[in-house]
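Visitor: I am new to this structure and would like a close look at a single part of it, taken slowly and with its surroundings explained.

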Amino acid sequence: MEIDEAREVRTTCPYCGVGCGVLAKIATDGQVSVRGDPDHPANFGRLCSKGSALAETIGLDGRLLHPQIHDHGSSWDKALDLVASTFCQTIAEHGPDAVAFYVSGQLLTEDYYLANKLMKGFVGSANIDTNSRLCMASSVAGHRRAFGSDTVPGTYEDMELSDLIVLVGSNLAWCHPVLYQRIAAAREKRPEMKVVLVDPRRTVTSDIADMHLAIAPDGDVALFTGLLAWLGQHNALDRAYITAHTSGFGQALFAASALNLAGVAAATGLSEDELGRFYSLFARTEKTVTVYSQGVNQSSQGTDKVNAIINCHLATGRIGKPGAGPFSVTGQPNAMGGREVGGMANMLAAHMEIENPEHRERVQRFWNAPAIAGKPGLKAVDMFKAVADGRIKALWIMATNPVDSMPDAGAVEAAIKACPFVVVSDVLAETDTVRHAHVRLPATAWGEKDGTVTNSERRISRQRAFLPVPGEARPDWWIIAEVARRMGFDGAFAHETPAEIFAEHAALSAFENDGERDFDIGAYAGVEDYDALAPFQWPGPSPGTPLTPTGHQSIRFFANGNFYTPDRKARFIPIRPTVETRITSDFPLILNTGRIRDHWHTMTRTGKSPRLSQHIAEPLVEIHPVDAQRHGIGDADIARVSTPRGEVLVRALVTTRQRRGSLFAPMHWTDQFAARARLDTLTASLTDPVSGQPALKHVAASIEKFTARTFGFAVTRKRPTTMAADYWAVARCRGGWRVELAFANDDVDWTAFAGSLFDTEDAEVLAYHDREAGQHRIAAFDGEHLTGALFIAPGPVAVSRGWAAEQLGEVHASQRQRFRIVAGRAGAGRPDAGATVCSCFNVGVNQITAAAAAGCTTVDAIGAALKAGTNCGSCRSEIRAIIAANQVQAAE
Ligand code: SF4
């Protein structure tokens, strides 16, 4: 693609809920580069490693570019007609609840709005739920119980203004890196600011923590009810706020007092001394923000955890004030937008309530809809159970991958496979979910689509298109509108642009809203230049209002009460902690699932990026050294992690960061990237009774060593598709793919196996075989270029991964150079950089260790020497840990 003039487009990052502004520059040769938008109030120019690598993820490899019906290409007309007629027929024969949409926090607000409108107002069912159910449904439920509305009271600025940040169940450094960087920067300026990390694991976020409370899994309810009791006992309450703006305090305090400090210590696994220090720090620090994320939400007690936190903020009047408040950070780029349009099964549009007949009537009237869902629909876990037992007969999955991300994923996959009619709209041709679709609809991807997203602080930003739409891909809103029209709902889905949909959504938010509802962006309904819309935080102010001296508005809720309950008072929720024991003698460990720094969800985007794939290139499980020894696991062994639902094979990482008795494993790997690493095949469909959010962080599991007789490593230009190996994991690298392998036996024809990984037929093949020692090395060259190399050994293969991957891009002109590949070691003067730490500048752990040993004792000194950590900053906490480890070693 060539264009006359380079241009830069303002858009928004498609990954996490921080919602960073991105400037995408398209050069005249079509090359795209990205940088942080210095004017965006979420990030002020910062981007993390994932955001910085966005340009590496926009290629068309693997894209679904044309509609397909039953694996065959189709026209849009045929595919849309089939979807519309099958949904209509299913509804006619079995009623509206026989169909369902499973949508996504990756959809733009405009897409989400139309999907919700079609299902709730025109199909007449509320069977629309979303992967956001897995992300923050407990926060929504907790907000609604306490505030009467799903309102995030504070802003990001509060974290910088606070004197104490309590991070609960949040590895902010890896999961919301730019917020972490904002906090780290604020702390550097004001060293008196304190950070407490509440997490069973000592994650890299502990790097900025003054206190790490290594709490027992699900101990948070006890921790915060204990805090409420302590605040009451130590006269640390804001009685005036409680009296004027809340109800139910007495009952909540009474319930909290059921547990004394010793009881809280037993339930949390923390010492009374630790509890006392934390409680007294909280009690005396007026400007306190409690930031919480999936460790709170993804629990069978998630809603109680949220309310236990909110109770403490209400009791101290620390809400909606600069530097004070409870703060739920969302995982997904548009989980908040989905909440605004009511895209969950138990919500209605524009923060109205599906249980409220007045609200239902109002929305139906606004939409001029033939129906309105009369009751909440099925939440995600129940929805897939209904697919499994045949109640749901037609399912449309949009922009998400439930075969990998839902709990009890094996059962979910079986349900989808058995469903009579499955439609998937996606950007990729092959995912673990797409492969089961009867109809595949090609959607536009980030950079091609146009609309809005809302971040965790209620800030609405535009995602703008800057790339041509490839093949026959279409925006999700267009696909939904086309299906709706073909179902006979022409007039209500006549939108021709996302701007028209946004205007309707904004108008609905203000419709008969006399201050009774928090979400009101009616001032934007008539916005003339949607394309130029600047980021704004709802509920206002009106477009064009002059900015504050800091350059942006910070809009907070509830400093002076005025909640959205019938009496406008916040509700304290009485909470009694319960301690659950899930482990058994067969499954004696607690598995916690989560994310890593450089991958996102099921890797459909980050898996395309070489630099994001080098930080952690394999699925893994973290285990404490004591547990590892007890279960016979050595560092870097391949481990079999099992639960009653299934098993995975992953690389073991033995680390004291992990709590004893617990395991941690990331949820990103799918069948597209590894042999057996779909982590959610292990998790249970146990959910929070209020929010319906699955308990993905507390699963009883066992672990044992997978005894491999042979190990392998390969690099290859083409992506290997099938591998006859017990364990394999592929990761993108520059010029191709790197592959880790393990085999239960050594009876393998290695030459044939190499041929399955890379082209050996018309290639010059160099090989070294020492059958007695079990060592085999095979490399194939197309002229001067390496097409692939395979290294096999009876133990872990001692080849520098970074060096081997680099060889795919190098010229190997001489026989001597080519033999060096078969020798499997870096050439003289080419030291092994080690595993990548800094993705931006490709700096490895060995380089940083060497620089630390040579006298670089600060992260800035490492940055000056190697550039590591000087761009996005996502690796700074790891660099600090490497420096510290070097200092310990030097002292020993
Ligand atoms: S923190 Fe990183 S992943 Fe999240 S929005 Fe910002 S750049 Fe994207």
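Visitor: Let us start with one residue: does Asp-627 count as buried or exposed, and at what relative accessibility?

Guide: Please keep in mind throughout that this is a predicted model, so every value below is computed from that model. Asp-627 counts as buried, with a relative accessibility of 2%, since buried here means under 20% relative accessible area. The side chain of Asp-627 has a partner, for it forms a salt bridge with Arg-630, in which the closest N and O atoms are 3.7 Å apart. Both residues belong to helix α22, which covers residues 625–630, and because they are three residues apart in that helix, about one helical turn separates them. In general, side chains of opposite charge can pair when their charged atoms come close. The two ends of this pair differ in their surroundings, since Asp-627 is buried at 2%, whereas Arg-630 is exposed at 58% relative accessibility.

Following the chain onward from this helix, one comes to the loop between α22 and β23, where Ala-636 is found. The backbone of Ala-636 has a positive phi of about 75°, although Ala-636 is not a glycine, and with a relative accessible area of 35% this residue is partly exposed. Asp-637 forms another salt bridge, this one with Lys-705, and the closest N and O atoms of that pair are 3.6 Å apart. This pair joins distant parts of the chain, because Asp-637 lies in the loop between α22 and β23 (638–643) while Lys-705 lies in strand β26 (residues 699–705), 68 residues away. Asp-637 is buried, its relative accessible area being 16%, but Lys-705 counts as partly exposed at 38%.

On the other side of helix α22 in the sequence, the loop between β21 (589–594) and β22 (620–623) holds Lys-608. This lysine is buried as well, with a relative accessible area of 12%, and a polar atom of the Lys-608 side chain lies 2.8 Å from the backbone oxygen of Gly-59.

To set the pairs around helix α22 in context, the structure as a whole holds 57 salt bridges. Another of them joins Glu-413 to Arg-435, with the closest N and O atoms 3.8 Å apart. That pair also links distant parts of the chain, 22 residues apart, for Glu-413 is in helix α19 (residues 409–418) and Arg-435 is in the loop between β15 (421–426) and β16 (439–442). Here again a buried residue is paired with one that is not, since Glu-413 is buried at 13% relative accessibility, while Arg-435 is partly exposed, with a relative accessible area of 31%.

Salt bridges can also be followed through more than two residues, as in the network that links Glu-361, Arg-362, Arg-365, Glu-512, Glu-516 and Arg-517. One of its members, Glu-512, sits in the loop between α21 (498–510) and β19, and is partly exposed, with a relative accessible area of 37%. Glu-512 has a positive phi of about 50° although it is not a glycine, a backbone feature that was also described above for Ala-636, whose phi is about 75°.

Further backbone detail appears at Pro-539, in the loop between β19 (536–537) and β20 (570–571). The peptide bond that leads from Trp-538 to Pro-539 is cis, with omega near 15°.

Finally, a word on the ligand, which sits in the second largest cavity. The residues that surround the ligand include Cys-13, Cys-16, Cys-20 and Cys-48, together with Lys-50 and Pro-177 among others. Two helices, α1 (49–52) and α7 (177–189), each supply at least two residues of this shell, and the residues of the shell divide into nine nonpolar, two polar and one charged.

To return to the starting point, then, Asp-627 is a buried residue at 2% relative accessibility, and its salt bridge partner in helix α22 is Arg-630.

Methods. Residues are numbered from 1 along each chain as its sequence is written. This is a predicted model: local features need pLDDT of at least 70, side-chain atom pairs count only at pLDDT 80 or more; totals for chains, interfaces and linings use all residues. Side-chain values use heavy atoms; hydrogens and water are left out. A residue is near a molecule or strand if one of its heavy atoms lies within 4 Å of it. On a 1 Å grid over the protein atoms alone, a cavity is a set of points where a 1.4 Å probe fits but cannot get out, and a pocket is an open set with protein on both sides within 12 Å along at least five of seven lines; lining residues have an atom within 4 Å of a point. A molecule sits in a cavity or pocket if more than half of its atoms lie within 2 Å of its grid points. Helices (H or I, at least four residues) and strands (E, at least two) are DSSP runs, numbered from the N terminus. Ala, Val, Leu, Ile, Met, Phe, Trp, Tyr, Cys and Pro count as nonpolar, Asp, Glu, Lys and Arg as charged, and the others, Gly among them, as polar. A salt bridge is a side-chain nitrogen of Lys or Arg within 4 Å of a carboxyl oxygen of Asp or Glu. Buried means under 20% relative accessible area, exposed over 50%, partly exposed in between (1.4 Å probe, protein chains only). A polar contact is a pair of N or O atoms within 3.5 Å; within protein, one must be able to donate a hydrogen and the other to accept it, and residues adjacent in sequence count only if both atoms are side-chain atoms.
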